[in-house]
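Here is a short briefing to read with the model open beside you. Take a moment to turn it around, and then we can go through a few of its local features together.

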Amino acid sequence: MTLSHSVEHRPMQTQEIQKQSANALNGSSVAELKRDFLNKLFYVQGKFPALASLNDYYMALSYTVRDRLLERWISSATTYTDSGSRTVCYLSAEFLMGPQLGNNLINLGIYDQAKAAVSDLGLSLDALLEQEEEPGLGNGGLGRLAACYLDSMATLEIPSIGYGIRYEFGIFEQDIRDGWQVERTDKWLRFGNPWEIARPEWAVEVKLGGHVDHYTDDQGQYRARWIPFELIKGVPYDNPILGYKTNTANTLRLWTAEAPESFDFGAFNAGNYAGAVHKKMVSENISKVLYPNDDSDQGKRLRLTQQIFFVSCSLQDMIRVMKVQSIPLEQFHEKFVIQLNDTHPAVSIAELMRLLIDENYMKWDQAWAITQKTFAYTNHTILPEALERWPISLFGNLLPRHMEIIYEINHHFMADVRMKFPDDADRLSRMSLIDESNGRYVRMAHLACVGSFAINGVAALHTELLKQDVLRDFYEIYPEKFSNKTNGVTPRRFVVLSNPNLTNLITSKIGDNWIKNLEDLKKLEVFADDKAFHQEWQQIKLGLKTSLATHIGEQYGVKVNPHSLFDIQAKRIHEYKRQHLNVLYIITLYNRIKANPDIDITPQTFLFAGKAAPGYFMAKLMIKLINSVADVVNRDPDVRDRIKVVFLKDYSVKFAQNVYPAADLSEQISTAGKEASGTGNMKFAMNGALTIGTLDGANIEIREEVGAENFFLFGLTEQEVQKMSAQGYSPMKYYNSNLELKLAIDRLASGFFSHGDKELFKPLLDVLMKYDPYFLFADYQSYIDCQHKASQAYRDQEHWTKMAILNVARMGKFSSDRSISDYCRDIWNIEPVKVELKTLMS
């Protein structure tokens, strides 16, 4: 969200529209943009100023910008079709794209012209950007990474298509009531989406349920015929993904589910009005909601249905493309490389086999060779509970043919394992695609490993943990498949768009090539001791913090000092991310103030943001804890505004663009060995925040790049965590031996922060006192000491600013452009394809 803007505008007269309206052109001058904007308002929105809303103006500007995308989009599609170019297909259950208008203006290089054009017409570009509904098609880092990668593939001119689901309702909107998270429906499509184009002519059908008949064909070949219980129609909606200052515009193709026959006239005429639209309602449920709660059997079935739905639609679409380009199906793996973004799309391995064998009559060995040469698998977690498994009963009922195929894959795979590791029954059990240790389940990560030619982690430590632990058996049999591809983020959205003043300052010193080649930021190092540069840097940071402080005052009624240290932890709420460790530090500071109201402490503002999964009670309780502590600390006169605590509700990509630039200290405090990579750490650091963190995920590589002296490190290492677990970790030992920890826990347990209710936070405290699975108590003192070190360092603003400049200067490695270049070179075997703009109808 934009923190402060005026939505007032000078009304345009109908005569002005009629005077300026003309045939739309693709020019980039202020005059051309104004003319096209007026055309869109008049001829697309069908409005004139007396009736036009702010949303009408937003839509008119978006369609104006889309015209300029379409020229590049069509030229790209034409080039790829004519050349039959190798293409990356990025399969992901999530694409957290963020608002598109501002990003497209940046990538087209017409942001300033558009701002001037709408200003001439009495409008505020900030107000129009704020009007855009964010497509909440992701839950966090996984979906945002996918979006960054699409941006970078287009910028690097790599032919690609992103495939996912067009959820009607995305990630919920978060409200806070009495300190608790409350979920509200995210109706992101309520005013339409100007960026998408429906492609109903490319719709496909997906089979579900039923049974499989087996027969011998005329050539004596054994065949299977799947007779489904129901069919679902998948309709694609295409969204252009433009690269930065390039002619390349790739496609994000999202599928929506429909019934093949959406209305039953017979049922309606018989008076069964609900029955007349029953199939429509059931089918549309598939693309209704991102990540339905899968605690129930119905929820599990719906989630698996979503997965087969979008991967089947996508694979059928790829086959359609091959037919259009007259490429033999035997060359599928040469035309396409499919990247699986975590295990959600792993069922696509069985589905491609089914399409090749059953629908196109390929022999098993040939189909399997093609499949294994097509897929690459990115693992995003080392948490065992996040490695998907599906009950055999559910999987076989919903996907009977895929169950047969997986059994066959497993039969061949187990034979290979026996040959390489004879007489090792335990290994066979561990590696089987079927888990029979506690019930019977399909192991989707195992299917992904067996069916892919490449497997990668997303940070150096994460990849090593995959090799040593989570996927160790697979590494031992397929070492050549494994590599690391550290995540990255796009600087176009998270610096250029989010932090224009810092962008202008950097560009004024080193030019603008860094936007496309982030390693150029190293040139900033020569300004690390430049006092004039320091002053400009500090003024920009203070302006950003003041803007955020103003928003906090307006939205939450909390007065925040913009000169205080802004300590921000903004990420999904989860126990392993340890927001409650941060809270323990705040309680410790509060206890010190209560014990000595005149204590000298650095003024500090603690900001939290993030959403808890609707069914994750402990995460929701952590949000309640943050708000309860904030309520006490912010009102206590003894504190004297030296510390403030605010939970920023409904965190999103749009709002994050205002949060990252305002941070002084970035909290990256997960238990070592639990975070695969993290990308918020990169976004904060690119905007000049210093990191306080553990040796976890990409923190390790960030520290290596920026220098240990510019990073606030604390906590156990991953090896120490493992050793402590093996020896028997006792959280009570730390509780009993650390007075400040004991005082913090006791004050929380006493009901002091819960109006005397000692039961409210008992579930959280019980876990910490008895088990502490994420080692908060073990890391507590190290964290407290490190926080003190950071707060003391903040008092020396010259040195702090130097550290911030060096952090930004050394973040070149963490561009998603670098990540994608690594994938292209090491996994995808793909080269850029230059796109020349085509003339109309050429």
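About how many helical turns separate Arg 354 and Glu 351 in helix H13? The two residues lie three apart within H13 (residues 348-359), so they are separated by about one helical turn. Please keep in mind that this is a predicted model.

**Salt bridges**

- The side chains of Glu 351 and Arg 354 come together in a salt bridge, with 2.9 Å from N to O.
- Both partners of this pair are shut away: Arg 354 counts as buried at 5% relative accessibility, and Glu 351 counts as buried at 1%.
- In helix H35 (residues 816-828), Asp 822 and Arg 825 are likewise three residues apart, about one helical turn.
- The closest N and O atoms of the salt bridge between Arg 825 and Asp 822 are 3.2 Å apart.
- Here the surroundings of the partners contrast, as Arg 825 is exposed at 56% relative accessibility, whereas Asp 822 is buried with a relative accessible area of 14%.
- Some salt bridges share partners, and in this way Asp 424, Arg 427, Arg 430, Arg 472, Asp 473 and Glu 476 are joined into one network.
- Another salt bridge links Asp 520 and Lys 523, at 3.6 Å from N to O.
- Asp 520 is buried, with a relative accessible area of 12%, while Lys 523 is partly exposed at 45%.
- The count of salt bridges in the model comes to 60.

**Helix H29 and its two sides**

- Helix H29 spans residues 718-727, and its buried residues are Glu 718, Val 721 and Met 724.
- Viewed down the axis of H29, these buried residues fall within an arc of 125°, so they line one face of the helix.
- A general point helps here: an α-helix has 3.6 residues a turn, so residues three or four places apart point the same way.
- Turn to the other side of H29 and you will find Gln 719, Lys 723, Ala 726 and Gln 727 exposed.
- The cover over the buried residues of H29 includes helix H19 (460-470), helix H30 (731-737) and helix H33 (776-795).
- Gly 728, just after H29, takes a positive phi of about 100°.

**Two helices that cross**

- Helix H24 (residues 579-595) packs against helix H31 (residues 739-749) at an angle of about 95°, and their axes are 9 Å apart.
- H24 and H31 are therefore roughly perpendicular to each other.
- On the H24 side, the residues making the contact include Leu 584, Ile 587, Tyr 590 and Asn 591.
- On the H31 side, they include Leu 741, Ala 744, Ile 745 and Leu 748.

**Strand S1 and its neighbours**

- Five of the five residues of strand S1 (residues 87-91) are buried, so S1 is largely enclosed by the rest of the structure.
- Thr 87, Cys 89 and Leu 91 point one way from S1, and Val 88 and Tyr 90 point the other way.
- S1 pairs in the parallel sense with strand S11 (residues 336-341) over five bridges, and Val 88 stands opposite Val 337 in S11.
- S1 also pairs in the parallel sense with strand S2 (residues 160-165), over four bridges, where Val 88 stands opposite Ser 160.

**A three-stranded open sheet**

- Three strands make up an open sheet in the order S13-S15-S14, with antiparallel pairing.
- Strand S13 (389-391) and strand S14 (434-435) are the edge strands, each pairing on one side only.
- Two bridges join S14 and strand S15 (residues 441-443) in the antiparallel sense, and Ile 434 stands opposite Val 442 in S15.
- Helix H18 (residues 444-451) packs on this sheet, where H18 touches S13 and S15.
- The direction of H18 makes about 40° with that of S15.

**A buried serine**

- Ser 152 sits in helix H7 (residues 141-155) and is buried, with a relative accessible area of 0%.
- Leaving aside residues up to four places away in sequence, Ser 152 touches Arg 492, Ser 816, Asp 817 and Ile 820.

Definitions and conventions
Residues are numbered from 1 along each chain as its sequence is written. This is a predicted model: local features need pLDDT of at least 70, side-chain atom pairs count only at pLDDT 80 or more; totals for chains, interfaces and linings use all residues. Side-chain values use heavy atoms; hydrogens and water are left out. Buried means under 20% relative accessible area, exposed over 50%, partly exposed in between (1.4 Å probe, protein chains only). The arc is that of the directions from the helix axis to the C-beta atoms. Contact means heavy atoms within 4.5 Å. Two strands pair if DSSP finds at least two bridges between them. Axes are lines fitted to C-alpha atoms, for helices over the stretch in contact, and angles run from 0 to 180 degrees between N-to-C directions. A salt bridge is a side-chain nitrogen of Lys or Arg within 4 Å of a carboxyl oxygen of Asp or Glu. Angles under 35 degrees count as roughly parallel, over 145 as roughly antiparallel, 65 to 115 as roughly perpendicular and the rest as oblique.
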